[in-house]
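User: Please take a close look at a single part of this model, and then set out how its surroundings are arranged. A formal, connected account would be preferred.

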Amino acid sequence: ILDTKYTKNFISDEEIKNIGLEVEKAHSLLIDKNSQGKGSVGWIDIPRESDDRLMGEIESIAKSVITNSDAIVIIGIGGSYLGARAAIETLVPGLVGKKIFFAGYNICGDHIKGLLDALKNKEIVVNVISKSGTTTEPALAFRIMENFMKKKYSPKKLKDRIICTTDRSKGAMRRIADANGYRSFVIPDDVGGRFSVLTAVGLFPMACAGIDIREVIRGAKEQFFDSAECNVENNACYRYAAIRNLLYRKGKKIEIFASFDNRMHYIDEWWKQLFGESEGKNGRGIFPASCDFSTDLHSMGQLIQEGERNIFETFLIVDKEDENCLIPYDNEDMDELNYLAGKQVDYVNLKAYEAVSLAHFEGGVPNMTMHLAERTPFCLGQLFYFFEKAAAISGYVSGVNPFDQPGVEAYKQKMFKLLGKYGS
């Protein structure tokens, strides 16, 4: 459910109606697959056309991985890992750093060395995710990890402990997988990294964490149909895309995506990449920022409440949480908290959200709230597809191709030159 009541004083019904025509055009560009980026829209039909054979293969290999390993290392960066990490951190956060480890998302020697030290006495399986196999961060991590594994396992055993998710037929990672006999999953040609969470890129790591991937896809499929109608009033996904573009045109250049649960932090990070890479081009684009509330209210709250009025917010709230932490009564009440005794901590968190959304609205910061019914694989699948489609529609409305990222190459070329890469 998308609640937009705290945008009412900033956007009129007439403006919503008028931008609806632009949304309809964007819808046609996306669904007809007849515009910029038309070769990268394979993600649209994934929930409806889910491959049962692939799902079964993912589940079977993941079951074997879980049974035969103490540690699963997922190597990737950006869209090759953020969706999977978001799901795992949200649904089974206790696994990260214990059974599930991530690498290849930075260039930090201490991090890689610390990871290798932690894995010395563990039975390891590696899932490396890279369409090309030459992206510097995951390629470095994989070279080091593969070398580590070669010293630990025989070539025959290694084949069962390295799984590549990569291009079907080309690229360095495909060559590595084929040359060494590593098992592999395919990244579809018509799906870009930041839209790949519902492919094997995201589903295999999720399955290795024990997440029910069929429920993830079922949730995405429901959202597929919920967001099918090209109507800003009835389609919450399109309404979100429309409102954020209207606010941008009114000088709201920064969107803060904030959740009130630390387990959702990587949902924020996934969302940030999705919208940043999709819209930030041609001198345009809403700057996507993220906050963890209420923590960041004690660092960013002042600026949001009374700083420059160039911000709007989108909150992510889970409506039904397990009630598992009761506030006790204290006879002395020296902290003056007895008025909360007997209530759940999540109740206080909910009231903090309600207070923040109202205070920021009254302070000149329009905000919307995305409500998840529960913190489940089904609801996460809904969320993933909702924002994927919203990013595509929003990008087309803003006048850019939401499926390319030419600017990403600028720093890479300069880095390669500084490193002395041949031909750079």
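**A lysine and its surroundings**

Analyst: The part chosen is Lys99, which lies in the loop that runs between helix 3 (82-91) and strand 3 (100-103). The structure is a predicted model, and what follows is to be read as a description of that model.

Is Lys99 buried or exposed, and which side chain of opposite charge is nearest? Lys99 is buried, yet no salt bridge is formed by it. The nearest side chain of opposite charge belongs to Asp70, at 5.6 Å. Because a salt bridge requires a side-chain nitrogen of Lys or Arg within 4 Å of a carboxyl oxygen of Asp or Glu, the separation of 5.6 Å between Lys99 and Asp70 does not qualify. A polar atom of the Lys99 side chain does, however, lie 2.4 Å from the backbone oxygen of Ser69. When neighbours within four places in sequence are set aside, the residues in contact with Lys99 are Ile66, Ser69, Asp70, Ala71 and Ile72. Asp70 is thus among the contacts of Lys99, although no salt bridge is present.

One of these contacts, Ile66, leads to helix 2, which covers residues 52-68 and also holds Lys63. Lys63 is exposed, with a relative accessible area of 61%, whereas Lys99 is buried. The C-alpha atoms of Lys63 and Ala207 are 7.9 Å apart in space, while 144 residues separate the two in sequence.

The account now turns to a sheet elsewhere in the model. Five strands form an open sheet with mixed pairing, in the order 1-10-9-7-8. Its edges are strand 1 and strand 8 (287-292), each of which pairs on one side only. Strand 10 (residues 367-374) is largely enclosed by the rest of the structure, because 6 of its 8 residues are buried. With strand 1 (residues 2-3), strand 10 pairs in the antiparallel sense over 2 bridges, and Leu2 stands opposite Met370. With strand 9 (residues 311-320), strand 10 pairs in the parallel sense over 7 bridges; here Phe315 has Thr369 as its bridge partner.

Two helices complete the description. Helix 14 (residues 377-397) has 21 residues and reaches 30 Å from its first C-alpha to its last, close to the 30 Å expected at 1.5 Å a residue. Of its 21 residues, 20 are buried, so that helix 14 is mostly covered. Gly399, with a positive phi near 90°, follows helix 14.

Helix 10 (residues 236-249) has 14 residues, and the 20 Å between its end C-alpha atoms agrees with the span of 20 Å expected at 1.5 Å a residue. Since 12 of its 14 residues are buried, helix 10 is largely enclosed by the rest of the structure. The buried residues of helix 10 include Arg239, Arg244 and Asn245, as well as Tyr238, Tyr240 and Tyr248. At the start of helix 10, a side-chain oxygen of Asn235 comes within 3.1 Å of the backbone nitrogen of Cys237. Gly251 follows helix 10 and has a positive phi, near 95°.

Note on methods: Residues numbered from 1 in each chain as written. Predicted model: local features only at pLDDT ≥ 70, side-chain atom pairs only at ≥ 80, totals over all residues. Heavy atoms only, no water. Helix = DSSP H or I, 4+ residues; strand = E, 2+ residues; numbered from the N terminus. Buried < 20%, exposed > 50% of the residue type's maximum accessible area, 1.4 Å probe, protein only. Lys, Arg positive; Asp, Glu negative; His and termini not counted. Polar contact = N/O pair within 3.5 Å; in protein donor to acceptor, adjacent residues only side chain to side chain. Contact = heavy atoms within 4.5 Å. Expected span 1.5 Å × (residues − 1). Pairing = 2+ DSSP bridges.
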